[in-house]
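User: Hello! I am new to this structure and would like to understand the words used for it. Could you show it to me and explain them?

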Amino acid sequence: MEQRNHSSLNEFVLLGFPSVGHVRGWLFGLLLLAYLFTICGNALIFLVIRLDRALHKPMYHFVSVLSFLELWYTATTIPKMLSNLLSEKKTISFAGCLLQTYFFHSLGASECYLLTAMAYDRYLAICRPLHYPAIMTTALCAKMAAGCWTCGFLCPISEVILVSQLPFCGYNEIQHIFCDFPPLLSLACKDTSTNVLVDFAVNAFIILLTFLFIMISYGRIIGAVLKIKTAAGRKKAFSTCASHLMVVLIFFGSIIFMYVRLKKSYSLTLDRTLAVVYSVLTPLANPIIYSLRNKELVKAIKRTIFRKEGKASPTHH
């Protein structure tokens, strides 16, 4: 009977942000504003890049794919966070919890691979400028983006299968703001050392390997930039990488500390803080970083907006 019914729990309770008390409304408002800004900012960047022919370049193709990914990445967690802040019943079904965990990790892994592809694109553009147009074709960009999504969605399958087979037969309160592997493992009434080891191996492979490739790319990029004789030339070359590098450092800085560790116990406050960074603040920061630091993208946004305004308000003679 125990083998047939792996879990005697039908649902979990997501504690989310405990002890917020009277500031619950303010927290809901801030999170809602952040989510709306994330949706609008990333959707705007995605649409502008797709509509403006001047931005039909490999670098902007990857930026548009990243913006599209961020829309889904935030949709897996933030709506449930918002509903839990308003509702007294903070439950999530066992299947729903596993699905949220799977999609959150799939999209997170896809982002790791995509940021690596973007670093490779910048490496080719700066270190191999003569070969760049021949190598980084539209077809290769599409294949690289598809590969990032495919690999990302394959990565967490083994972890989800292992967690789905664990028995959960007692305490059902998840001490986190969304469903994730570490808090789920802490609730299992069985030894989870195998799960912890598999989680560590998968996360270390995805996160550390992609981060290593990105750092190697930037090491070569910096070497090539320093060889440029003029200060203006160096500034122009590195300005195309600055936005991407900022996003990489924010995203990887939080997930490396969160997921690449061989232990089941963890600091609840620290983990909630890091979870807010990589699930809310990073997707929120992406459109700000890319739009503020990229003059070509800002001009394209203005062209798109003013063009629509011009069509909506025709001049009368």
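Analyst: Happy to help! Arginine 303 is a good place to begin: its relative accessibility is 35%, so it counts as partly exposed. The label rests on cut-offs: buried means under 20% relative accessible area, exposed means over 50%, and partly exposed is in between (1.4 Å probe, protein chains only). This is a predicted model, in which local features need pLDDT of at least 70 and side-chain atom pairs count only at pLDDT 80 or more, while totals for chains, interfaces and linings use all residues. Residues are numbered from 1 along each chain as its sequence is written, and side-chain values use heavy atoms, with hydrogens and water left out.

User: Why is aspartate 52 called buried?

Analyst: Its relative accessible area is 5%, and buried means under 20%. Aspartate 52 is therefore buried.

User: What makes aspartate 52 and arginine 303 a salt bridge?

Analyst: The term asks for a side-chain nitrogen of Lys or Arg within 4 Å of a carboxyl oxygen of Asp or Glu. In this pair the N to O distance is 2.8 Å, so the rule is met. Aspartate 52 lies in the loop between helix H1 (24-51) and helix H2 (58-75) and arginine 303 in helix H12, so the salt bridge ties together parts that are 251 residues apart in sequence. Helices here are DSSP runs (H or I, at least four residues) and strands are runs of E (at least two), numbered from the N terminus.

User: How do you know that lysine 57 and glutamate 296 meet in a salt bridge?

Analyst: Their N to O distance is 2.8 Å, which is within 4 Å, so this pair qualifies too. Lysine 57 is in the loop between H1 and H2 and glutamate 296 in helix H12, 239 residues apart. Lysine 57 counts as partly exposed because its relative accessibility is 37%.

User: Why is the link of cysteine 97 and cysteine 179 called a disulfide?

Analyst: A disulfide is a pair of cysteine sulfur atoms within 2.5 Å. These two sulfur atoms are 2.0 Å apart, so the pair passes. Cysteine 97 lies in helix H4 (residues 94-127) and cysteine 179 in the loop between strand E3 (173-174) and helix H8 (181-185), so the link joins parts 82 residues apart in sequence.

User: Why does cysteine 151 have no bond to cysteine 155?

Analyst: The sulfur of cysteine 155 is the closest cysteine sulfur to that of cysteine 151, yet it is 6.4 Å away, too far for a bond. By this rule, the count comes to one disulfide.
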